[in-house]
Every structure is written in C-alpha cells, then in structure tokens.
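Biologist: Before we discuss particular residues, I would like each label to be justified by the rule behind it. Could you show the model and start with the rule for charged pairs?

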Amino acid sequence: MKKPASNNAAAPRSGAAPTPSIIGSDVQIEGNVKTRGELQLDGAIIGDLTCGGLVMGESGSVEGSISADSVTIRGAVSGEIRARAVRLEKTAVVDGDVYHESLSVESGAKLTGRFAHTTSPSEAKTLEKADETPSFVSGTKSAAAE
C-alpha cells in the first residue's frame, strides 16, 4: 500500500535561500516583478524588475528599471540598471543609465546612456546629482573632495 503524499516538502523553510525562477521566452509580463531570489529571464517584462540576481538570455527584454545585486545582460533593456555587479555581454543592448560598483562590458555590447560607479547603486538617485560622476568624466573634483 502506498503512503499518502506529504505536502510538507512544498512549504518554504524560514531562512532558506529563495528558489531560482525562470521566465521562458514565450512569456510576456506586463507589470512590476519582485523576487528575493535569482531570476533567469528569457521572456519579456514591461515594468520594473527587482530581484536578488538576474541572468537575462539573448531573447530576454525589460522595458523598465532593473534593481538587483548582480545582473548579467545578454538581451535588451530599455530603462536604468542599478546593481552591485553588472555584466553586459556581447549581445546586450541597453538604452538607459547604469549604476554599479563593478562593471564588465564585452566587445559588441551596445549601451545608449551613461554609467556611473557608486558605492550604493540601489539608492534612488539620478546622474544629475553632484555626488555621482559618470565614469566617462575624468579630471573633475567634487566639492567634497576639496
């Protein structure tokens, strides 16, 4: 005789790492998406995305802002990216500003926008603020440095 299936395994453990999520290439989401875990994005999101880590495939796209600890982009982004570590691979097409602590850009990646090194990329600031200097600007000093 078989034992009845237990539903206890499906309940999340407190303090456990969130389960990675996958959004397939045939999925389009209109609205904001939020998860504490890792996200593999091969589909499209029209809205803001907040996650622990993002790996975007070549068919993936986001029309909105991205906020994460680490981001790897192989697809298209139309909006700003805020992450501790940002990696733009050769197939990436980004139309927006990138705020980062660590940035890696492969040859062939397309970026239309500005990028700025910051120690707190998750804070909501714009590049026009005096305390953030775009990485392409050299030889300037802020008032705080003098």
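Modeller: A salt bridge here is a side-chain nitrogen of Lys or Arg within 4 Å of a carboxyl oxygen of Asp or Glu. By that rule the count comes to six salt bridges, and I should add that this is a predicted model.

Biologist: What makes Arg87 and Glu89 a salt bridge?

Modeller: The closest N and O atoms of Arg87 and Glu89 are 2.9 Å apart, and the cut-off is 4 Å, so the pair qualifies.

Biologist: Why is Glu89 called buried, and Arg87 partly exposed?

Modeller: Buried means under 20% relative accessible area, and Glu89 has 14%, so Glu89 counts as buried. Arg87, at 31%, falls between the limits of 20% and 50% and is therefore partly exposed.

Biologist: Which parts of the chain does the salt bridge between Arg87 and Glu106 tie together?

Modeller: The side chains of Arg87 and Glu106 meet at 2.7 Å, N to O. Arg87 lies in strand β11 and Glu106 in the loop between β13 (98-105) and β14 (110-112), so the pair links parts that are 19 residues apart in sequence. Glu106 itself is partly exposed, at 27% relative accessibility.

Biologist: How do you know that Asp97 and Arg114 still count as a salt bridge?

Modeller: Their closest N and O atoms are 3.8 Å apart, which is within 4 Å, so the rule is met. Asp97 lies in the loop between β12 (93-95) and β13, and Arg114 in the loop between β14 and β15 (115-117), so this pair ties together parts that are 17 residues apart in sequence. Asp97 is buried, with a relative accessible area of 19%, whereas Arg114 is partly exposed at 28%. As for a network, salt bridges that share partners join Arg74, Arg87, Glu89 and Glu106.

Biologist: What makes β4 and β7 paired strands, and in which sense do they run?

Modeller: Pairing needs at least two bridges, and four bridges join β4 to β7, so they are paired; the two strands run parallel. Within this pair, Gln40 stands opposite Val55 in β7. β4 also has a covered face, Leu39 and Leu41, and an uncovered one, Glu38 and Gln40.

Biologist: Where should the coordinates be read with reserve, and why?

Modeller: The pLDDT stays under 50 over residues 127-133, although the model has 17 contacts beyond four places in sequence for them. Over residues 137-146 the pLDDT is also below 50, with three contacts beyond near neighbours in sequence. Where pLDDT is low, the predicted coordinates should not be read in detail.

How values were computed. Residues numbered from 1 in each chain as written. Predicted model: local features only at pLDDT ≥ 70, side-chain atom pairs only at ≥ 80, totals over all residues. Heavy atoms only, no water. pLDDT = per-residue confidence, 0-100. Contact = heavy atoms within 4.5 Å. Buried < 20%, exposed > 50% of the residue type's maximum accessible area, 1.4 Å probe, protein only.
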